[in-house]
Amino acid sequence: FLNDKMYFRGSIGTSFTLPTAGQLYTHNPDPLYPEYGNPNLDPMESFFVNAGIGVNYDFISAEASYFFESVTNQFDLDSTSTWQNIDDETKVNGYTLTANVNLVPTLTLSGSYTRQWSKTEGTDDYRPLPKEFASFGLRWADKVLGADAGLGFFARYQGESHTSFAGNPYFDGSGAPETIEDFWVADFSAYVKINESNQINLYVNNIFDKKIPTAFGAGFGPDGMIFYPYLGNPFTATLSYAFKF
């Protein structure tokens, strides 16, 4: 802590990702989608730094943070459709802004925004990594007939991202979607804490039942190649009861 109202935090470290069984041992001579595993693959490695500074006051708390990650030994298919560790390094960096404001004792407004950039040396980076994320929430909590109760309204935003077809020369001219458009989703929550042991919770996901593609797949139909989306969660309501012993 810098003082009783301001703080600084930071972290630095490394991590690794092991190759999958498919990347190690696949043997698929299909002429359209050939793929061959490589049991000599090394783990993918990364180095990361995260730092932030924030403030805490009676009615507002906020933080600004910066993150950086360098990824090496990434997995990719070579010209013979065999998995290899590539030499090119990928760098991801960006920032996050968050804030919570107590409008009145029973009402809180919160928000978060993240912007990130990604670049692989020597090539355009077509990884399915959204450029932006944002979320906003309005929460109310008070006593209702002697019981603790609360409501929450939330909005989530995801920026444009690439699909797995982007930058792949095989799909040039095929009509394959190269990007997933940005979108907003709205959610709702409520709870009633009847007493210290009993609580009822309700969560409603995707209130307006938006059809949101999160990824795309490909296949062959009677008239040639077709592309289809994998959709995110539709309108879903979950009612739960919790009992604390």
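## A tour from Arg127 outward

Begin by selecting Arg127, which sits in the loop between strand 9 (107–120) and strand 10 (132–144). Keep in mind throughout that this is a predicted model. Arg127 is partly exposed, with a relative accessible area of 30%. If you now display its surroundings and leave aside residues up to four places away in sequence, you will find that Arg127 touches Thr90, Val92, Ser118 and His162. Adding Val71 to the selection gives a further point of reference, since its C-alpha lies 13 Å from that of Arg127, although the two residues are 56 positions apart in sequence.

**Zoom out to the whole chain**

With the entire protein in view and coloured by secondary structure, you should see 1 helix and 18 strands. The radius of gyration is 23 Å, well over the 18 Å that the globule rule gives for 245 residues, and the protein is therefore more spread out than a compact globule. Measured out along the principal axes, the box filled by the C-alpha atoms is roughly 70 × 50 × 40 Å.

A surface view adds to this picture: the accessible surface comes to about 15,400 Å², and carbon and sulfur atoms account for 60% of it, while 26% of the 245 residues count as buried. Among the contacts with a separation of 6 or more, 56% are between residues that stand 24 or more positions apart.

**Select the charged side chains**

Colouring by charge will show 14 positive and 28 negative side chains, with the centres of the two sets lying 13 Å apart. The structure holds 5 salt bridges, and three stops on this tour are taken from them.

For the first stop, select Lys143 and Asp148, whose side chains meet in a salt bridge with an N to O distance of 3.0 Å. Lys143 counts as exposed at 52% relative accessibility, a value to be read against the cut-off of over 50% for that class, whereas Asp148 counts as partly exposed at 29%.

Next, select Arg156 and Asp187, which form a salt bridge at 2.7 Å, again from N to O. Which parts of the chain does this pair tie together? Arg156 lies in strand 11 (residues 147–158) and Asp187 in strand 14 (residues 183–193), so the bridge links parts that are 31 residues apart in sequence. As for their surroundings, Arg156 is partly exposed at 35% relative accessibility, but Asp187 counts as buried at 2%.

**Finish in the loop between strands 15 and 16**

The last salt bridge of the tour joins Lys211 and Asp209, the closest N and O atoms being 3.3 Å apart. Lys211 is exposed, at 57% relative accessibility, while Asp209 is partly exposed, with a relative accessible area of 31%. Asp209 is found in the loop between strand 15 and strand 16, and its backbone deserves a look as well, for its phi is near 50 degrees, a positive value in a residue other than glycine.

Staying in this loop, between strand 15 (198–205) and strand 16 (213–221), select Asn206. Is Asn206 buried or exposed? At 1% relative accessibility, Asn206 counts as buried. The phi of Asn206 is near 55 degrees, which is likewise a positive value in a residue other than glycine.

Conventions. Residues are numbered from 1 along each chain as its sequence is written. This is a predicted model: local features need pLDDT of at least 70, side-chain atom pairs count only at pLDDT 80 or more; totals for chains, interfaces and linings use all residues. Side-chain values use heavy atoms; hydrogens and water are left out. Helices (H or I, at least four residues) and strands (E, at least two) are DSSP runs, numbered from the N terminus. The radius of gyration is taken over C-alpha atoms; the globule rule is 2.2 Å times the number of residues to the power 0.38. Buried means under 20% relative accessible area, exposed over 50%, partly exposed in between (1.4 Å probe, protein chains only). Contact means heavy atoms within 4.5 Å. Accessible areas come from the Shrake-Rupley method with a 1.4 Å probe; for residues, only the protein chains shown count as cover. Lys and Arg count as positive and Asp and Glu as negative; His and the chain ends are not counted. The place of a charge is taken as NZ of Lys, CZ of Arg, CG of Asp or CD of Glu. A salt bridge is a side-chain nitrogen of Lys or Arg within 4 Å of a carboxyl oxygen of Asp or Glu.
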